[in-house]
2 protein chains.
Amino acid sequence: MESRRTRQQDAIEAVLADAGRPMSVQEVFSAAAATVPGIGLSTVYRTIRKLAEQGEIAAVAVPGQPDRYELAHVAATHHHHFHCTACDRVFDIRGCVGGLDRLLPSGFELHGHELTLVGACDHCSGT
Amino acid sequence: MESRRTRQQDAIEAVLADAGRPMSVQEVFSAAAATVPGIGLSTVYRTIRKLAEQGEIAAVAVPGQPDRYELAHVAATHHHHFHCTACDRVFDIRGCVGGLDRLLPSGFELHGHELTLVGACDHCSGT
DNA sequence: ATAGTTATTGAGAATTGTTGTCATTGTGGT
DNA sequence: ACCACAATGACAACAATTCTCAATAACTAT
């Protein structure tokens, strides 16, 4: 055999699929524990790392915080992120910026890009 | 007194000023040790954290890696970053994208943004 | 179904990155 | 030159992640 499907893996992928926003390992762990009580943190780390290596999920970095992860097919539907500095949550945003090639120094090869808007979300803004 | 200027702090700020690209704490530590032998890693962490809190330097996040830091006056000269996935270095890129407001969901407040291009640098690209 | 093989798990040890503690040092005011 | 105390450096403590390994459970072939 090469690979075995398990309850744990299904739960983790389901959590990421239902999330709608990038989640930290801890968040995935908590959510997955609801479906599979007693699931180990190691398993969540292991599975997320494997999925990331296989390109099934993408990592989203926020300064001073652990990475968040989201399904790659979501990431592929080109979009970006909004980081609320008040509640520290990250939201997905649709739409994209163009004309990035003109920013590229010569000799550099562009494979992708990541845009993060920073501010306050609807819940946290005074508005 | 409120604050005392020291050799260590000067060295750390000098390193960041001369760098020309965002540097990790370890990189700053190594570079500063050339000027101030025996400088402590704690001091570098402490100083960088203080500078970040004061807004003198800005943190740049890269998935799966420790944050990098760069002088805020550089960050203020609006620019963005290029992350070479081959050598894992981060470069500053001049220029900026506009029209971000149209990406913003209603109720959200935009304070800033961070764009990271991903690919291979001139040194690592096959070109 | 049943049993055998082995990929996967969960618990905890080990690593790595970062912050906290505290006696000692050295800056800046007098 | 002296003094008060902010800053340092060594190391402990903590946090996030990876590694290790015996026990478990998914798949295969009977």
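A:Phe82 touches residues of both protein chains in this predicted model. Leaving out residues up to four places away in sequence, its contacts (heavy atoms within 4.5 Å) take in A:Arg89, A:Val90, A:Phe91, A:Ile93, A:Leu117, A:Val118, A:Gly119, A:Ala120 and A:Cys121, along with B:Leu104, B:Phe108 and B:Glu109. One of these partners, A:Gly119, sits 37 residues from A:Phe82 in sequence, yet the two C-alpha atoms are 7.4 Å apart in space. A:Phe82 belongs to strand β4 of chain A, residues 79-84; helices (H or I, at least four residues) and strands (E, at least two) are DSSP runs, numbered from the N terminus. With a relative accessible area of 0%, A:Phe82 is buried, where buried means under 20% relative accessible area, exposed over 50% and partly exposed in between, using a 1.4 Å probe and protein chains only.

A few words on conventions: residues are numbered from 1 along each chain as its sequence is written, while chains are lettered from A and ligands numbered from 1 in the order in which they are written. Since this is a predicted model, local features need pLDDT of at least 70 and side-chain atom pairs count only at pLDDT 80 or more, whereas totals for chains, interfaces and linings use all residues; side-chain values use heavy atoms, with hydrogens and water left out.

Chain A as a whole has four helices and six strands. Read from the N terminus, its elements follow the order α-β-α-α-β-β-α-β-β-β. Its C-alpha atoms fill a box of roughly 50 × 45 × 25 Å along the principal axes, and 39% of its 127 residues count as buried. Of the contacts in chain A with a separation of 6 or more, 45% come from residues 24 or more positions apart.

How are the two protein chains related? In general, two copies of a chain are related by a rotation about an axis and a shift along it. Here, chain B superposes on chain A with an RMSD of 0.1 Å after a rotation of 179° and 0.0 Å of shift along the axis. The two copies are thus related as by a two-fold rotation axis. In chain B, the C-alpha nearest that axis belongs to B:Leu115, 2.2 Å away from it. The superposition is by least squares on the C-alpha atoms of residues with pLDDT of at least 70 in both copies. The interface tells a matching story: 100% of the interface residues of chain B are also interface residues in chain A, so the copies meet through the same surface.

Turning to charged pairs, there are six salt bridges over all chains, each one a side-chain nitrogen of Lys or Arg within 4 Å of a carboxyl oxygen of Asp or Glu. A:Arg21 and A:Glu27 form one of them at 3.6 Å, N to O; A:Arg21 is partly exposed at 24% relative accessibility, and A:Glu27 is partly exposed at 27%. In chain B, the side chains of B:Arg5 and B:Glu13 pair up at 3.4 Å. B:Arg5 counts as exposed at 54%, but B:Glu13 is partly exposed at 24%. B:Glu27 and B:Arg21 also form a salt bridge, at 3.6 Å, with B:Glu27 partly exposed at 26% and B:Arg21 partly exposed at 22%. Salt bridges with shared partners also link A:Arg5, A:Asp10 and A:Glu13 into one network.

On the nucleic acid side, 19 residues surround DNA strand C, and the closest are A:Arg4, A:Thr43, A:Arg46, B:Arg4 and B:Tyr45; a residue is near the strand if one of its heavy atoms lies within 4 Å of it. Sugar and phosphate make up 62% of the atoms of DNA strand C that come within 4 Å of the protein. By class, the nearby surface has four nonpolar, nine polar and six charged residues (nonpolar: Ala, Val, Leu, Ile, Met, Phe, Trp, Tyr, Cys and Pro; charged: Asp, Glu, Lys and Arg; polar: the others, Gly among them). Helices α1 (7-19) and α3 (41-53) of chain A and α3 of chain B each supply at least two residues of this surface, with the largest share, four residues, coming from α3(B).

At the atomic level, a polar side-chain atom of B:Tyr45 lies 2.5 Å from a phosphate oxygen of DNA strand C. A backbone N or O atom of A:Gly40 is 2.9 Å from a phosphate oxygen, and a polar side-chain atom of A:Gln8 is 3.0 Å from a sugar or linking oxygen of the strand.

Conventions: Polar contact = N/O pair within 3.5 Å; in protein donor to acceptor, adjacent residues only side chain to side chain.
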